[in-house]
Structure formats: C-alpha cells, structure tokens
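Q: Please take a close look at one surface patch, and then follow the chain outward to the contacts that hold its other parts together. I am new to this structure, so plain wording would help.

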Amino acid sequence: MSVYKKFTPQDYSVVPFNAHKGYNFNSSSAVLNNVKFFNTKYTASNIDVYSSSSIFNPGSENFDNVKYSQLDHLFYRNYKNNPNDTFGDINYLKHYRVLYERCTTISIPSGLYGHKIKPGSLEFSAGNTTFVDDTYGNLYVKNNNLDYYITDPRLILANLGPVKGFKRYDLNIYENVYENTFYRRGQSRVNNITSYSTPINKHEYDDSYFSNKIYYNNINFSEVDLGTNIEIPKKFPQISFLETNSEVIIEHNSNLNFNKENQYTLEFFITSVLITHDDEIHVLSKSTIQTSSPIPHNNDSFPETTTNGTAENQYPFKITLKKGNGTTTNRLCFSVSDGENSTTTLIQINVDTSTHITCVRDKNTIQIYKNGNVGELLVCTNKNTNNLANVYIGGGSEITSLYNNRSFSGSICNFKMYDTSFSSTNVIKHYQSKNGSPYVGNVFYSHGFANVTHPAYISQYGILGIGDMQIDNNDIVESNFTVGGIVISNANWLQNLKFQGSHLIYENEYKCTIDEFEYNNTSNLTARKNKSLQEENIADFATGSLFKPYITTIGLYNKNNELLVVGKLGQPIRTSNETDTTFIVRWDT
C-alpha cells in the first residue's frame with residue numbers, strides 16, 4: 001500500500017552552496033575538454049577590417065589581433081578610471097593589471113569552472129615554467145617568493161615603463177583618435193613627425209597607482225631586448241632620447257616627497273652612447289627646477305599658467321654620466337645633497353648595452369647596484385634632502401644649459417621610484433623580473449581566462465599551442481626540440497592544467513511525515529492470498545493488529561503525478577503505531 005501526501009511550504013527548503021570540483025588536464029585531455037589556447041598581439045591597424053591574417057596560424061608570427069583588442073577593452077583598458085566598465089573585481093591594492101604587446105590566453109569552458117575558478121587553485125605548466133595564482137587574480141611563477149618584491153602600489157611613487165609604449169613605435173599611426181565622426185585608428189598622418197611630445201596645455205599619466213602627471217618632449221618610443229639570450233628575447237618598450245631637448249618631466253606632487261627617514265630607491269634600465277668629452281651629462285634628477293603657479297588675487301580664479309623657477313639647493317638624487325675609463329664604458333654617478341654637503345658614488349657601465357641600475361638610499365648611506373651586483377657603499381648627509389623640484393629625465397633646454405648644453409643620448413626603460421630602501425635580495429629579484437614585478441599575467445576567475453603577458457615569459461612560447469606544433473601541412477616538430485639551449489618538451493606550451501571549479505549547488509530538503517494510522521498495509525505480492533497483481537485479498541497473517549509493514553522506497557511527484565525523485569532506504573524502516581514517522585529526503589541540483 002502507498003501513502004500520498006501533499007507538501008506544504010513548511011515541508012521543504014532549498015539551500016544554495018558552492019561545491020569545488022578539481023580538474024587535472026594534460027595537453028591531450030585539455031583539447032578533448034574544449035580548453036582553448038590563443039596567441040594575441042596588439043596591432044595599430046583598424047580591427048574593423050577583419051581578415052584571415054587576424055587569425056592565429058601555428059608555426060608563424062601571426063597572432064589574433066581581434067582577441068587582443070577584446071581582452072584589452074573588457075579587462076585592462078582604463079580599469080583604474082572606469083572600474084564599472086571593466087570585467088572582474090577591482091582592488092587597486094591587490095590587482096596588478098598590465099597588458100603588454102603580446103598575450104597568451106588559456107580559455108576554460110564555463111561548464112568546467114562553473115560559477116568561477118576557485119581563487120588560489122589554478123596551476124598550469126607552460127614549457128619549462130609552472131604558473132600559479134595568488135588568490136587575487138595575479139599569475140606568478142610557482143615557488144617564487146612574493147615577499148622579495150615590492151608589490152604594494154603605495155610604495156611605488158612613480159612608474160614610467162612605459163607599459164603602453166609599444167602603441168607608439170610608429171608615431172605616424174593614429175591611436176584612438178577621432179577626426180570629426182570617423183574613427184581614425186590605424187590611419188597614417190598626412191604630415192609625418194620624427195619625435196613625440198605631449199600636446200601643448202595637456203598632460204599624460206604614468207603607470208603608477210598615483211597616476212602622476214608626466215610630459216614628453218621630443219622623445220621616441222622603441223623596443224629593447226632585456227634578455228641575455230638572442231633566441232629567447234624579452235622585449236619591453238623604452239623611451240629613446242635624442243641629443244637635443246629630449247626630456248620627460250614628472251610633475252612634483254605630495255607623493256614625491258619621499259619619507260622623513262630618507263629611505264628610497266630608484267631603478268631603471270639605461271642604454272647610453274660612448275662619451276668622449278669631459279663634460280657631465282644629465283640623465284635624471286629631482287633638482288634644479290621646480291614648477292609653481294602664481295597666487296590668485298582679488299577673488300580671481302586660479303590661473304592655469306605656471307612658471308619654472310629655481311628649486312632648493314638640496315636634492316634627493318641626481319644621476320649623471322661622465323666619460324669612462326676605457327673605450328667601451330661610461331661612468332654613472334649617483335649624488336645626494338643637503339644644500340651644503342654632497343655625496344657621489346659611481347659605477348662603470350657598458351655603452352650600447354641595456355644595464356639595470358638600482359640606486360638605494362638608506363638613511364645616511366647611498367649605494368649603486370649594476371645588474372644585481374652591489375657597488376661601493378658611501379656615507380652621505382643625514383639631513384633633509386627633499387625639495388619641490390620636478391623629476392627630469394633626459395635634458396630639455398633648461399637642463400642642458402646647466403650641463404654644458406650637452407643632453408643625454410640613449411634610452412631609459414622600466415623606471416620606478418620606491419618609498420623604501422631595497423635589500424640586496426630585492427635588487428636581484430627585481431633585476432631578474434626585468435620590470436620589477438613578480439606577476440606575469442592575470443586570471444579572471446569568473447570568466448575562465450588566464451593571460452600570460454610578461455615579455456620575459458611570453459616570447460619563448462609565443463607561437464606554440466596545445467599539442468604538436470605544425471610547421472606546415474606535412475611536417476611536425478619532433479617530440480623534443482631546443483630553442484636557445486632550452487629543451488621544449490613535446491612542443492606543447494600548455495603541458496598541464498589544474499584548477500578547481502566553483503559550482504553553485506542547491507540542496508533540496510523535503511520532510512515526509514506519515515501519521516501512525518496512515519501506513520497500515522502493503523502492496524507487496526507476498527502479503528496477498530494469491531501472489532498476483534490481480535489479487536485484491538491480502539493473506540491472513542497481514543490482517544491482524546500485530547502486522548506492520550516496512551518502508552523501503554519514497555517517491556516525490558509533481559502536480560502532474562510525474563515521478564521526479566526516488567529515494568531508496570539503506571534498510572527497511574518499520575513505522576510506529578503510536579506516533580508519526582518523518583523521513584527527510586535531500587538531493588542536490
């Protein structure tokens with residue numbers, strides 16, 4: 001016999017919760033589970049004209065330019081100023097969103113990651129490197145200690161990569177410029193220019209958390225390889241300075257006051273030409289000139305025009321170049337002054353070669369590091385050296401007139417100022433990372449994307465993918481091959497992928513209550529006089545008051561009397577003839 005009970009709202013409940021399901025794919029199983037791989041690259045061309053050349057072609061230098069533009073638009077572009085228009089959570093103190101010229105993307109189907117990828121669970125091997133995420137959406141190399149890097153953006157006072165410099169390698173191509181109602185991206189200028197300057201009465205911003213105002217004057221943007229292996233380049237944008245009136249100005253603000261303990265660090269890559277004269281050449285400083293605005297009078301509005309004047313005699317740093325001891329080196333000098341006493345330490349650097357320089361001031365000592373190697377430690381003044389001067393890189397007319405009218409000729413890359421002094425470990429780690437950051441890309445948990453964009457890690461595997469790399473229609477690369485002395489196994493960029501998908505699960509709970517008088521018979525054939533479905537009479541042993549059937553199955557039906565859920569009990573349960581019996585049925589959807 002069956003008992004049918006209608007549920008009331010009090011009889012059931014639905015509880016949502018997240019269940020984390022782990023996945024572990026190799027290159028073959030990743031393909032079978034629709035894990036996609038894209039190589040993307042920036043292009044100055046108009047992406048509205050879509051052609052087959054925009055599609056990634058294995059074994060060539062073709063990259064998907066359209067997907068790059070989509071990633072930039074949805075996740076990276078203006079994420080500081082327009083967080084509401086950017087996908088993903090934004091935490092300016094934790095999220096490091098930087099998109100270089102190239103990007104390699106792993107796309108995971110939503111059916112696998114569910115609601116989102118569980119933060120801290122992503123790990124994948126690409127070539128000879130294993131990447132993991134830091135729970136905040138940043139990718140870094142596994143076992144790399146993040147404590148050795150300065151990752152708090154509030155300690156990075158200025159940051160002039162320039163990260164987006166690659167968009168101006170060709171100065172005669174418009175980038176995101178509207179002419180009347182026509183979008184001019186990718187269109188060439190009518191009147192060509194040979195150098196770039198910030199438009200008059202305008203300003204730009206650096207790449208730091210503080211978005212300092214910067215001004216370019218007669219400079220160029222170019223590409224520099226910061227690697228030591230020709231076959232595996234690590235290409236970053238750099239600022240190239242001409243011999244006359246080329247400079248970058250970072251306008252002074254309260255963030256550039258450094259700290260009262262006189263602890264700060266400068267780091268940058270520099271390339272210089274051979275100096276054959278005895279004059280001193282200005283490279284960068286926070287001295288000499290400051291910008292000021294006139295004080296308004298008689299309730300006038302604050303004037304927009306500013307004037308340049310002489311800054312205080314003291315300065316926190318001044319970096320110059322002098323003639324070296326031989327025909328292949330220059331001397332790089334790092335000086336501080338309290339207005340009365342000056343201290344200078346110097347180091348020899350090779351010409352026509354990118355050299356990583358770290359200038360550290362720790363209270364009353366200064367020191368230079370070259371390519372991670374420590375230089376001479378000098379005791380300097382312990383008095384205040386801060387001033388209100390702008391930061392000048394290179395040398396415009398006002399700077400060069402103070403340095404024998406000789407301007408810096410060379411390039412600067414990945415320039416940063418820190419509000420803390422570096423340890424020797426900090427210096428080495430920042431030099432090894434090339435851009436002073438441990439992060440190589442991003443993972444967007446709710447969208448299933450993992451992007452590797454750091455030039456030191458993207459270019460080695462830039463044209464490889466999941467599975468065997470085809471050179472043409474007939475040839476396939478051997479299982480193992482060598483690039484620049486490094487063995488790349490199976491020609492797979494993505495060799496292993498592990499993560500946990502966070503799936504939203506609903507637990508449905510129903511309370512099935514049977515009163516003591518309701519369930520007093522059974523439809524089991526063994527309890528009938530004749531063991532047949534047509535037999536209506538039950539056996540004599542089932543007619544007494546001692547007979548009590550057992551419950552083995554519970555079914556849940558909808559309003560159309562359609563069976564939705566069947567619950568089989570682990571063992572038969574006998575109902576009570578003195579009180580009601582309640583069964584709780586749970587299942588997940």
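A: V14 is found in strand β1, which covers residues 12-26. The model is a predicted one. V14 has a relative accessibility of 47%, and because that value falls between the limits for buried and exposed, V14 counts as partly exposed. Together with L504 and Y506, V14 makes a nonpolar surface patch of about 260 Å². The patch thus brings V14 together with residues numbered 504 and 506.

K116 offers another view of a link between separate stretches of sequence. K116 lies in strand β4, made of residues 116-117. In sequence, K116 and G501 are 385 residues apart, while their C-alpha atoms are 6.1 Å apart in space. Leaving out residues up to four places away in sequence, K116 touches Y445, S446, Q500, G501 and S502. K116 has 29% relative accessibility, so K116 counts as partly exposed.

L155 shows a similar kind of link. The place of L155 is in the loop between β7 (138-141) and β8. Y418 is 263 residues from L155 in sequence, yet the two C-alpha atoms are 5.4 Å apart. When neighbours within four places in sequence are set aside, L155 is in contact with I150, M417, Y418 and D419. L155 is partly exposed, since its relative accessible area is 28%.

The whole chain gives a setting for these examples. Among contacts with a separation of 6 or more, 68% are between residues 24 or more positions apart. The chain contains six helices and 35 strands. Of its 589 residues, 46% are buried. The chain exposes about 30,200 Å², and carbon and sulfur atoms supply 46% of that area.

Aromatic rings come next. A search of the whole structure finds 21 aromatic pairs. One of them is formed by Y42 and Y68, whose ring centres are 6.1 Å apart and whose planes meet at 65°, so the pair is edge-to-face. This pair links distant parts of the chain, 26 residues apart: Y42 is in the loop between β2 (36-41) and α2 (65-76), and Y68 is in helix α2. Y42 has a relative accessible area of 8%, and because buried means under 20%, Y42 is buried. Y68 counts as buried too, with a relative accessibility of 2%.

Ring pairs also link F75, Y76, F444 and F449 into a cluster. Elsewhere a charge sits over a ring: K434 lies over the face of Y431, at 4.3 Å from the ring centre.

Charged side chains pair with one another as well. The structure holds nine salt bridges. In one of these, D72 pairs with R77, and the closest N and O atoms are 3.2 Å apart. D72 is buried, at a relative accessible area of 3%, whereas R77 has 27% relative accessibility and so counts as partly exposed.

R154 forms another salt bridge, with D152, where the closest N and O atoms are 3.1 Å apart. R154 is partly exposed, with a relative accessible area of 44%. D152 is also partly exposed, with a relative accessible area of 26%.

A further salt bridge joins R168 and E204, with the closest N and O atoms 3.1 Å apart. Its partners are 36 residues apart and belong to distant parts of the chain: R168 is in the loop between β8 (156-160) and β9 (178-179), while E204 is in strand β11 (residues 204-205). R168 has a relative accessible area of 27%, so R168 is partly exposed. E204 is buried, because its relative accessible area is 14%. Salt bridges can also share partners, and in this way D72, R77 and K167 are joined into one network.

To return to the part asked about: V14, L504 and Y506 make the nonpolar patch on the surface, with V14 placed in strand β1. The C-alpha atom of G501 lies 6.1 Å from that of K116, and K116 also touches S502.

Notes
Residues numbered from 1 in each chain as written. Predicted model: local features only at pLDDT ≥ 70, side-chain atom pairs only at ≥ 80, totals over all residues. Heavy atoms only, no water. Patch = residues over 30% accessible without salt bridge, like charges linked within 9 Å, V, L, I, M, F, W, Y side chains within 5 Å. Areas by Shrake-Rupley, 256 points an atom, 1.4 Å probe, with all protein chains shown as cover. Salt bridge = Lys/Arg side-chain N within 4 Å of Asp/Glu carboxyl O. Helix = DSSP H or I, 4+ residues; strand = E, 2+ residues; numbered from the N terminus. Buried < 20%, exposed > 50% of the residue type's maximum accessible area, 1.4 Å probe, protein only. Contact = heavy atoms within 4.5 Å. Phe/Tyr/Trp six-rings, centres within 6.5 Å; stacked < 30°, edge-to-face > 60°. Lys NZ or Arg CZ within 6 Å of the ring centre and 35° of its normal.
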